[in-house]
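Q: Could you take me through one part of this protein slowly, the last helix and whatever it sits against? I'm in my first year, so please keep it plain.

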Amino acid sequence: MRGSGVAAVPTHPASGAGARSTAPGAGVGAGSIDLATVAFDVDGVIADTMVQFIDLARELFSIEHLRYQDITTYNLEDCLNISPRQIEVIIEHILDGRSAVPLLPIHGAPEVLARLGRRAGGVLFVTARPRREPIEEWLHRHIPLAPEAMEVVATGSFEGKLEVLQAKGVKVFVEDRLETCFTLAQGGIAPVLYRQPWNRQPHPFREVDSWAQIERLLMC
Ligand SMILES: [Mg+2]
């Protein structure tokens with residue numbers, strides 16, 4: 001998703017414990033991960049945003065032909081046969097967070113994040129969305145953790161993620177946009193790619209396709 005502007009960057013409650021860590025650029029292996037140095041993307045990892053996109057296309061424009069598997073690139077104009085203007089309107093509804101078409105969590109995400117958050121003393125979410133509040137409220141509603149244990153940073157750009165993650169001592173980041181994974185890896189952060197139809201290109205990163213797998217990877 002596109003956007004610009006940088007929201008406030010509050011302090012990660014768990015970042016003070018970030019001295020223990022995996023080496024920069026190290027691969028992600030079970031047993032080697034300090035939970036205080038892990039952070040998460042939201043759309044396409046925790047939130048089933050593309051399902052909401054498809055539902056909004058149907059609701060707003062009576063577009064019935066979109067299928068999840070058709071979303072084969074992150075740039076929706078390249079893979080979906082709908083107009084750029086329609087894509088823009090749908091994305092604005094998604095970013096706004098007040099649409100009647102619900103944004104649902106990906107299966108297992110709330111429960112696993114709650115367990116991780118309790119063990120780590122907090123969870124950090126870093127999104128490229130331009131506005132923090134709507135997605136922060138959504139996370140507070142769906143993840144059974146105290147709001148104080150959840151920190152949300154909205155960078156307003158994909159490129160902005162690296163700097164935020166480095167500043168907060170993050171070593172492992174769960175992400176669904178493959179281009180971002182390459183950028184993060186170059187900056188010394190180990191990406192874990194959440195498998196989606198839009199990231200099916202070759203890559204060297206650790207890959208997961210469920211929250212059960214994320215839990216096994218991080219909690220072992
Ligand atoms: Mg994402």
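A: Sure, let's start with the whole chain and then zoom in. This is a predicted model, and its protein chain has eight helices and six strands. Reading from the N terminus, the elements go β-α-α-α-α-β-α-β-α-β-α-β-β-α, so the helix you're asking about closes that list. Of the 220 residues in the protein chain, 36% count as buried.

Now for the helix itself. Helix H8 covers residues 211–219, and Trp-211, Ile-214, Leu-217 and Leu-218 in it are buried. Why do these residues belong together? They span an arc of only 115° around the axis, which puts them on the same side of H8.

What lies over that side? The cover for the buried residues of H8 includes strand S1 (38–40), helix H4 (109–120), strand S4 (172–175), strand S5 (190–194) and strand S6 (206–208).

To place those strands, look at the sheet. Six strands form an open sheet in the order S3-S2-S1-S4-S5-S6, and the pairing is parallel. At the edges are strand S3 (150–154) and S6, each of which pairs on one side only. From one strand to the next, the twist averages 25°.

Let's follow the S6 edge inwards. S6 runs parallel to S5, and three bridges join the two. For Tyr-194, the bridge partner in S6 is Val-208. H8 packs on this sheet, where it touches S1, S4, S5 and S6, and its direction makes about 135° with that of S6. Another helix to find here is H7 (residues 178–186): H7 lies across S4 and S5 and runs at about 170° to S5.

One more stop is the nonpolar core. In soluble globular proteins, nonpolar side chains tend to be buried together. Here the largest nonpolar core has 42 residues, and Ala-39, Phe-40, Phe-125, Leu-165 and Phe-173 are those with the most contacts inside it. Take Phe-173 as an example: leaving aside its neighbours within four places in sequence, Phe-173 is in contact with Ala-39, Asp-41, Leu-165, Leu-184, Ile-189 and Pro-191. There is also a second, separate core of seven residues, with Met-50, Leu-56, Ala-57 and Ile-90 among them.

Finally, step back to the chain's contacts. Counting those with a separation of 6 or more, 66% are between residues 24 or more positions apart.

Technical notes
Residues numbered from 1 in each chain as written. Predicted model: local features only at pLDDT ≥ 70, side-chain atom pairs only at ≥ 80, totals over all residues. Buried ≥ 20, exposed ≤ 12 C-beta atoms within 10 Å, placed from the backbone. Helix = DSSP H or I, 4+ residues; strand = E, 2+ residues; numbered from the N terminus. Arc of directions from axis to C-beta. Contact = placed C-beta atoms within 7 Å. Pairing = 2+ DSSP bridges. Axes fitted to C-alpha atoms, helices over the stretch in contact; angles between N-to-C directions. Core = buried A, V, L, I, M, F, W, Y, C linked by C-beta atoms within 7 Å.
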